[in-house]
Amino acid sequence: MDMKTIDAYEEKYKYELPLIHKEFMSKYDGLSLDNGCTFYSLEELDAVNKELQVNIYQPDTIAIGNDGGGLVFLMKQEKEAKTVYLVDACDYDLGSPYQIIQDFNEWMEKGFEIEDIDGEDIRGVDYGDLYLIKMPKEGVKGLVTIKRAFNLEISTGELLQNSKSLPTKLLSNITSSKANIIAEKIGMPGLFEIR
């Protein structure tokens, strides 16, 4: 894809894409990697950003991709921007991102690895199924909180029914770090297990 096409897109949709990302898109317009990372094509960019409501929650940034789990890759809408913020898809807070990649090109050279706190690449290492192993103290109200926090595509009634025979599987393909962060955020650590 040539730069003129990307420039015209920027003008049409009122984005200022980082030059480093424009150069990447001119070589790879939309890229899916074996480690689960996806980078949006120019055609998808505006639709995905509107769907994720990035323009509402972080209007000076643009989502350029995701990790196939719960992380979204944000970059500042500045020509010279090189930094990528890996943020939780439920919380675009740049003040407390999961990880900050200082230089997009260096990250690309490393194969877009996403490290956990210990510096280990989390791809495929700690993905698993999320199980509810204990009933929340708040009963049904707690189940509703869990349903919302983990974005479960299941009715509250079905969740209640399933919770009568614990452990019950809630979700597939989630990292233990993401599950722990969500559990802490809703004040329910110890109720879940990754298997």
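**Exercise 1. Two helices that cross**

Decide whether the crossing of α1 and α3 is right-handed or left-handed, then describe how the two helices pack.

*Solution.* Step 1: the hand. α1 and α3 make a right-handed crossing. Here the near helix is turned clockwise from the far one by less than a right angle; anticlockwise would be left-handed. This model is predicted: local features need pLDDT of at least 70, side-chain atom pairs need 80 or more, and totals for chains, interfaces and linings use all residues. Numbering starts from 1 along each chain as its sequence is written, and side-chain values use heavy atoms, without hydrogens or water.

Step 2: the elements. Helix α1 covers residues 3–13 and helix α3 covers residues 42–51. Helices (H or I, at least four residues) and strands (E, at least two) are DSSP runs numbered from the N terminus.

Step 3: the geometry. The axes of α1 and α3 lie 11 Å apart, at an angle of about 20°. Axes are fitted to C-alpha atoms over the stretch in contact, and angles between N-to-C directions run from 0 to 180 degrees. That angle makes α1 roughly parallel to α3 (roughly parallel is under 35 degrees, roughly antiparallel over 145, roughly perpendicular 65 to 115, oblique the rest).

Step 4: the residues. From α1 come T5, I6, Y9 and Y13; from α3 come L42, E43, L45 and D46.

**Exercise 2. A second partner for α1**

At roughly what angle do the axes of α1 and α2 cross, and which residues make the contact?

*Solution.* Step 1: the axes of α1 and α2 come within 9 Å and cross at roughly 125°. Step 2: α1 and α2 are therefore oblique to each other. Step 3: their crossing is right-handed. Step 4: α1 supplies M3, I6, D7 and E10 to the contact, and α2 supplies L19, K22, E23, M25 and S26. Contact means heavy atoms within 4.5 Å. I6 is named in the contact with α2 and also among the α1 residues that meet α3.

**Exercise 3. The rings around F24**

How many aromatic pairs does the structure hold, and how is F24 placed relative to Y28 and F39?

*Solution.* Step 1: the total. There are 15 aromatic pairs in the structure. Rings of Phe, Tyr and Trp (its six-membered ring) pair with centres within 6.5 Å; planes under 30 degrees apart are stacked, over 60 edge-to-face, the rest tilted.

Step 2: F24 with Y28. This pair is tilted, with 5.2 Å from centre to centre and 40° between the planes.

Step 3: F24 with F39. Their ring centres are 5.3 Å apart and their planes stand at 65°, so this pair is edge-to-face. F24 sits in helix α2 (residues 19–27) and F39 in strand β2 (residues 38–39). The pair links distant parts of the chain, 15 residues apart.

Step 4: exposure. F24 has 3% relative accessibility, so this residue counts as buried. F39 is buried as well. Y28 is partly exposed, at 35%. Buried is under 20% relative accessible area, exposed over 50%, partly exposed in between (1.4 Å probe, protein chains only).

Step 5: the wider group. F24, Y28, F39, F73, F104, W107 and F112 make up one aromatic cluster.

**Exercise 4. Unusual backbone spots**

Where do Q53 and F112 lie, and what is phi of Q53 and of F112?

*Solution.* Step 1: Q53 lies in the loop between α3 and α4 (54–57). Its phi is near 60°, positive although the residue is not glycine. Q53 is partly exposed, with 34% relative accessible area.

Step 2: F112 lies in the loop between α5 (104–109) and β7 (127–132). Phi of F112 is near 55°, again a positive value outside glycine. F112 is buried, at 3%.

Step 3: add a peptide bond. L166 to P167 is cis, with omega near -5°. P167 belongs to the loop between α7 (156–162) and β8 (168–175).

**Exercise 5. Locating D103**

Where is D103 placed, and is D103 buried or exposed?

*Solution.* Step 1: D103 is in the loop between β6 (99–101) and α5. Step 2: D103 is buried, with 18% relative accessible area. Step 3: setting aside neighbours within four places in sequence, D103 contacts I20 and K82. Step 4: A81 is 22 residues from D103 along the chain, and their C-alpha atoms are 8.7 Å apart.

**Exercise 6. The whole chain**

How many helices and strands does the protein have, and what share of its residues counts as buried?

*Solution.* Step 1: the protein has eight helices and nine strands. Step 2: 43% of its 195 residues count as buried. Step 3: the C-alpha trace spans about 60 × 35 × 25 Å along its principal axes. Step 4: of the contacts with a separation of 6 or more, 51% join residues 24 or more positions apart.
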